Every structure is written in structure tokens, then in C-alpha cells.
Amino acid sequence: MKVGNLHKLRGNKLSLSLIALLCTSLIFWAWDKTPILTTFLPPPEQLDILAPVVPAQTSVTPLENTNEQPFAKEELSAVDRHGNALPDEPGGEVVDVSPTDSSMRSSLEKEDKGKESEKVPAENKECNYAKGKWVADKRRPLYSGFGCKQWLSQMWACRLMRRTDFSYESFHWQPQGCDMPEFKGSEFLRRMQHKTIALVGDSLGRQQFQSLMCMVTGGKYSPEVIDVGKEYGLVKARGATRPDGWAYRFPSTNTTILYYWSASLCELEPLNRSSPATPYAMHLDRPATFLKQHLHRFDVLVLNTGHHWNRGKFRANRWEMYVSGKPITDRKLAQIWTAKNLAVSSVIKWLDTQLPQHPQLKAFFRTISPRHFVNGDWNTGGSCDSTIPLAGGREVLQDGSSDTDAEGAVRGTRVKLLDITALSRLRDEGHISRYSIKASTGVHDCLHWCLPGIPDTWNEILYAQL
């Protein structure tokens with residue numbers, strides 16, 4: 001009896017085991033055929049906790065040879081969930097590098113370091129546009145010297161003179177280690193929408209102004225441009241040969257470009273208003289009245305001075321130097337170049353104090369434009385007959401400005417330096433020379449430039465600095 005019971009017990013256990021095995025098989029078969037049941041499983045991340053550790057493979061299949069996408073974890077190391085670059089990953093470029101492939105990682109790091117040494121990112125280093133080289137460019141000039149008659153004075157349009165060589169027109173300036181944006185008139189106007197650009201200075205400032213007008217219009221006749229000189233008091237006085245400046249507005253973008261003649265940048269006060277031949281007090285420590293009156297209307301301001309600071313110009317203009325409202329008695333201060341530096345530093349300091357009140361304003365002081373007289377000056381037989389471009393070299397390698405006085409004056413202020421001296425010094429063939437239509441026989445103009453010409457580059461650099 002006991003033996004029979006034992007066999008019966010073993011049979012029951014065997015039956016239960018067979019039933020359990022059959023049920024298990026049915027469950028797995030049903031699970032495989034019914035994916036919705038997988039929702040009752042725990043997430044894979046929790047199952048990984050129980051999974052055995054598998055050593056990482058040392059070989060990596062290059063991404064360019066596979067259709068697989070980089071792992072999400074590695075993508076998020078450089079890009080957030082919205083696809084934006086994270087702050088510690090400039091550029092936002094995702095590079096999938098396996099941490100187990102040390103050779104590939106090392107190679108990429110060396111490549112990145114090599115690129116960084118070749119070109120410093122613009123956001124980390126401000127470009128020194130004055131350092132670089134002249135490069136031949138068949139696409140130049142930016143406008144026609146024949147076509148830009150609406151804005152270009154005949155005395156500076158060398159295409160209208162007896163000059164026959166124009167190779168000086170076919171170069172552009174390439175800064176070292178950074179790019180200068182290509183100048184397009186339509187893009188300039190778009191960026192300067194509802195803005196006023198003012199150039200204030202001597203005749204070289206006027207050349208820069210005319211160059212800018214030709215560049216913006218492409219040298220084409222533009223009847224839609226409005227003369228708004230009256231808004232700034234720029235009208236020709238009775239008996240004058242021309243007004244003190246010009247102002248033009250482009251109605252499509254409400255952009256105004258103006259020039260005001262102020263050769264010294266100082267306030268000029270007539271000492272005898274009843275006399276047409278009155279001398280003028282030239283206040284070295286006061287900015288030109290035009291600047292004080294209209295500064296609030298400007299969005300870009302470019303100042304320059306330099307070539308009128310000589311005894312001949314002082315006598316011709318009847319200028320008498322004043323400081324603190326009184327004639328100068330200090331002989332050292334009365335020296336021309338010392339007086340010039342005082343005037344420049346004074347106007348820049350004044351401008352710097354005004355900038356916080358005019359946050360929209362970007363202010364520049366343009367360095368002096370070089371002269372190229374050889375064997376004398378303009379009135380003593382000096383000449384500049386060179387027609388060979390870049391005969392003295394094509395590169396500027398120095399970091400600082402050749403106009404150290406201007407560089408020192410803007411240092412520590414919010415006024416920027418528009419540094420054109422050294423790069424222009426390499427272009428002695430670009431002057432008007434003996435071809436001026438108004439010059440006397442034998443007199444050369446080695447101060448002013450042919451247009452199109454070197455001042456176009458000044459405006460390109462200005463555009464880049466904006």
C-alpha cells in the first residue's frame with residue numbers, strides 16, 4: 001500500500017511538471033504573437049542592471065561606411081534636445097568618437113588643434129584689418145570711374161583724365177587670419193536701414209564719402225536718392241564755391257550718408273563777424289559745432305584730420321589757435337603737430353563722454369592718409385610718377401598702427417580706430433599725380449587718390465568693422 005501511494009505521488013508530480021512545461025510554452029508562444037503584452041515588462045534600463053558586464057569592443061566601424069546614426073548619448077554631449085549647440089561646444093558640430101578608440105580620438109584632437117592654429121575663431125579674437133596684404137583681383141573696381149559722375153568729382157575721376165594706366169584699380173585688401181565681407185551696396189543699405197552715416201573731416205574725408213556713395217550705388221545713376229542737405233544746414237552760402245558738406249538719403253531703406261567739411265575738427269569762431277576777412281579762433285579743446293549740433297542724429301561717425309595742420313593752411317584759412325577760450329601763449333603748445341594732437345585727443349575724449357548718451361552710435365577715427373611726394377613737396381617740384389603697383393611690397397606685418405598719435409588718442413576710449421595708413425602707404429601708384437585737370441604744369445597731386453581706388457578699401461574695412 002505504501003509502495004502504491006509512492007508511485008501515485010510520483011505520477012502526480014510528473015503530471016504537474018508536464019502541465020507547467022506546457023503552460024510555459026503556451027505563454028511564450030502567445031507573448032511572441034502578441035506584442036502588446038510587452039508593455040507589462042520593466043524598461044530595458046532596469047533589465048540592464050541585471051545583465052552581465054560585456055567588455056567593449058576595440059574595433060570601431062567608421063561612420064562613413066555605415067548607415068547607422070550616432071548614439072543619442074553622444075549627440076547630447078554637443079547638442080541639446082532642441083538641436084542647439086551647448087555653451088561648452090562652440091559650433092555645435094557633432095563628432096561621434098568612441099571612447100575606446102584612442103587612436104581615432106587622438107587623430108581628431110590633433111586635427112582640431114591644427115585648425116585652431118591656422119585660424120583663430122572670430123568670436124575669440126578681434127580681427128586686425130590693418131594687417132594683411134594686397135591681392136590681385138580681376139573683379140575690381142567696385143564701380144566705374146566713367147559711370148559714377150553723379151557723386152564723383154571730376155578732379156578725382158582719373159578715368160576722365162589723360163592717365164592711361166589703371167592697374168591700381170585691380171587689387172583688394174586681404175586681412176591676415178580673418179575674412180573681410182564682400183561689399184554689396186544693397187546689403188550695406190539693408191544693414192544701415194533707418195540709420196545715418198556721417199563722415200566729418202578734410203578733403204580725404206570727402207574722397208571717402210564720394211567713394212562710399214559710388215560703392216553703394218554701384219556707380220550707377222540713382223535719381224531716387226534725395227538731397228537732404230538742408231536738414232543739416234548744408235547749403236551753399238552766398239559767394240561760396242560749394243556748401244560745407246552734402247547729405248543724401250536712400251528712400252528705399254531710409255539710409256542717410258553725409259559729409260561735413262571740418263579740416264581741423266575744432267570749433268571755429270569768427271573774431272570779427274562784420275568783416276568777410278575775419279580771422280577765426282580755432283579752439284583746440286572744443287569739437288566742431290556741427291558735431292555738437294547733430295551728434296544725436298548719427299548712427300555711424302567717421303572723423304579724420306591731419307593734412308591741414310601746417311603754417312600755409314593756417315595762414316590761408318586765417319586760423320588762430322585758442323585753448324580755454326584764450327589765444328595760446330605757450331610756445332611748445334603752439335607747435336603745429338603738438339596742437340594737432342591736442343585737438344585730436346580733445347575731440348575723441350569729448351566724443352567718448354557722449355557715447356553713453358547715444359548707445360546707437362558707432363564712432364571711428366580714421367588714421368592719416370599717407371602722402372607720396374618725392375624730391376620735394378607739392379609746390380617745390382615734388383612728384384609721384386610710379387605706375388607699378390606694389391613696387392615697395394604688398395604686405396603689412398606690424399600689429400600696431402603707423403599713425404601712433406591717433407592710436408594713442410583712442411586708446412582707453414569707446415572710439416574705434418579705422419587704421420588705413422600702412423596699407424595705403426604701399427599704394428604710391430594710386431595717386432592723381434600729374435594728371436589732375438586743375439593742376440598747373442609740373443605740379444603733382446601725391447596726396448589725393450584716384451577714384452575708384454584706395455579709399456574704396458577704407459570703406460570696405462569700415463563696413464567690416466561695423
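## Disulfides near the end of the chain

Let's start with a covalent link: Cys384 and Cys446 are joined by a disulfide, with 2.1 Å from S to S. The model is a predicted one. The two partners come from distant parts of the chain, 62 residues apart: Cys384 belongs to the loop between β12 (362-366) and β13 (395-396), while Cys446 is in strand β16. Both Cys384 and Cys446 are buried. The link of Cys384 and Cys446 is left-handed, with -95° about the S-S bond.

Strand β16 (445-449) is followed by a loop leading to α13 (454-465), and Cys450 sits in that loop. Cys450 has a disulfide partner in Cys158, at 1.9 Å from S to S. Cys158 lies in the loop between β1 and β2, 292 residues away from Cys450. The relative accessibility of Cys158 is 0%, so this residue counts as buried, and Cys450 is buried too, with a relative accessible area of 0%. This link is also left-handed, at -80° about the S-S bond.

## The wider disulfide pattern

How many disulfides does the structure hold? There are four. Another of them pairs Cys127 with Cys178, whose sulfur atoms are 1.8 Å apart. Cys127 is in the loop between α4 (102-118) and β1, and Cys178 is in the loop between β2 and α5 (185-191), so this disulfide ties together parts that are 51 residues apart in sequence. Cys127 is buried at 17% relative accessibility, and Cys178 is buried at 15%.

If you number the bonded cysteines in sequence order, the pairing reads 1-4, 2-5, 3-8, 6-7.

## Salt bridges

Charged side chains make links as well: the structure holds 16 salt bridges. One of them joins Arg159 and Glu169, at 2.8 Å from N to O. Both residues lie in the loop between β1 (132-136) and β2 (171-175), 10 residues apart. Arg159 is partly exposed, at 27% relative accessible area, whereas Glu169 is buried at 6%.

Glu231 and Arg249 form another salt bridge, their closest N and O atoms being 2.9 Å apart. Here Glu231 is in the loop between β4 (226-227) and β5 (245-250), and Arg249 is in strand β5. Two helices are connected in a similar way by Lys340 and Asp405, at 3.9 Å from N to O: Lys340 is in helix α10 (residues 336-354) and Asp405 in helix α11 (residues 404-410), 65 residues apart.

## A salt-bridge network

Which residues are linked in a network of salt bridges? They are Asp137, Arg139, Arg140 and Glu460.

Methods: Residues numbered from 1 in each chain as written. Predicted model: local features only at pLDDT ≥ 70, side-chain atom pairs only at ≥ 80, totals over all residues. Heavy atoms only, no water. Salt bridge = Lys/Arg side-chain N within 4 Å of Asp/Glu carboxyl O. Helix = DSSP H or I, 4+ residues; strand = E, 2+ residues; numbered from the N terminus. Buried < 20%, exposed > 50% of the residue type's maximum accessible area, 1.4 Å probe, protein only. Disulfide = S-S within 2.5 Å.
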